[in-house]
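The following exercises invite a careful reading of one protein model, each with a solution that goes step by step. Please look over the sequence and the structure before starting.

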Amino acid sequence: LDTIPDYCNYYAYLLTYGTSERDDVRQAAGLVLKTYLHTRWARLHPNVKAYCMHTVLQAIGDRSRFVRIAAGIVVRFTFSKNMSPTPLFPTAYVDFV
């Protein structure tokens, strides 16, 4: 998996934009993504991290409760690892959390 730099991007995309897939498949993609990020966060390229965070944040408003829950789990994890201001997480929000 470390030889495929966009591995987690695929799961972020599937979670957020895979609307032709069943909700349980999309939810599983989110949980696999969280596990992947958990084990490899420090080694991921900043662009990969940014894509994952940006994409998964959009899934928070999904019609499916299961997708929203999975997205929330991933977002919570990325916030816990990335508590510094970025374009996705402005200073005011980081200070609030």
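**Exercise 1. A salt bridge and its setting**

Which residue's side chain meets that of Asp 24 in a salt bridge?

Solution. Before the search begins, note that this is a predicted model, in which local features need pLDDT of at least 70 and side-chain atom pairs count only at pLDDT 80 or more, while totals for chains, interfaces and linings use all residues. Residues are numbered from 1 along each chain as its sequence is written, and side-chain values use heavy atoms, with hydrogens and water left out.

Step 1. A salt bridge is defined as a side-chain nitrogen of Lys or Arg within 4 Å of a carboxyl oxygen of Asp or Glu. By this rule the partner of Asp 24 is Arg 22, at 2.9 Å from N to O.

Step 2. For the setting, residues are called buried under 20% relative accessible area, exposed over 50%, and partly exposed in between (1.4 Å probe, protein chains only). Asp 24 counts as partly exposed because its relative accessibility is 41%, whereas Arg 22, at 56%, counts as exposed.

**Exercise 2. The other salt bridges**

Find how many salt bridges the whole structure holds, and describe the pairs that involve Asp 23 and Asp 62.

Solution. Step 1. A search of the whole structure gives 3 salt bridges.

Step 2. In one of them, the side chains of Asp 23 and Arg 63 meet at 3.4 Å, N to O. Asp 23 belongs to helix α2 and Arg 63 to the loop between α3 and α4, so this pair ties together parts that are 40 residues apart in sequence. Helices here are DSSP runs (H or I, at least four residues), as strands are (E, at least two), and they are numbered from the N terminus. Asp 23 is partly exposed at 21% relative accessibility, and Arg 63 is exposed at 60%.

Step 3. Asp 62 forms a salt bridge with Arg 26, with the closest N and O atoms 2.7 Å apart. This pair also links distant parts of the chain, since Asp 62 is in the loop between α3 and α4 and Arg 26 is in helix α2, 36 residues away. Asp 62 counts as buried at 11% relative accessibility, and Arg 26 counts as buried at 0%.

**Exercise 3. The surroundings of Arg 26**

Which residues does Arg 26 touch, not counting residues up to four places away in sequence?

Solution. Step 1. Contact means heavy atoms within 4.5 Å. With that cut-off, Arg 26 touches Leu 14, Leu 15, Thr 16, Gly 18, Thr 19, Glu 21, Asp 62, Arg 63 and Val 67.

Step 2. Two of these neighbours, Thr 19 and Arg 63, can be compared in space, for their C-alpha atoms are separated by 9.8 Å although they are 44 residues apart along the chain. Thr 19 lies in the loop between α1 and α2, and Thr 19 is exposed, with a relative accessible area of 53%.

**Exercise 4. From the first helix to the core**

Is helix α1 mostly covered or mostly open?

Solution. Step 1. Helix α1, residues 7-17, is mostly covered, with 8 of its 11 residues buried. Among them are Tyr 7, Cys 8, Leu 14 and Leu 15, and the buried residues of α1 pack against α2 (23-40), α3 (46-59) and α4 (65-81).

Step 2. A nonpolar core is a set of buried Ala, Val, Leu, Ile, Met, Phe, Trp, Tyr and Cys residues joined through side-chain atoms within 4.5 Å. The largest one has 24 residues, of which Cys 8, Leu 15, Leu 33, Leu 37, Leu 44 and Val 56 touch the most other members. Helices α1, α2, α3 and α4 each supply at least two residues of this core, and its largest share, 7 residues, comes from α4.

Step 3. Cys 8 touches Leu 33, Tyr 36, Leu 37, Leu 44, Val 48 and Cys 52, not counting residues up to four places away in sequence.

**Exercise 5. The whole protein**

How many helices and strands are there in the protein?

Solution. Step 1. The protein has 5 helices and 0 strands, and along the sequence they follow the pattern α-α-α-α-α.

Step 2. Of the 97 residues in the protein, 39% are buried. Among contacts between residues at least 6 apart in sequence, 61% join residues at least 24 apart.
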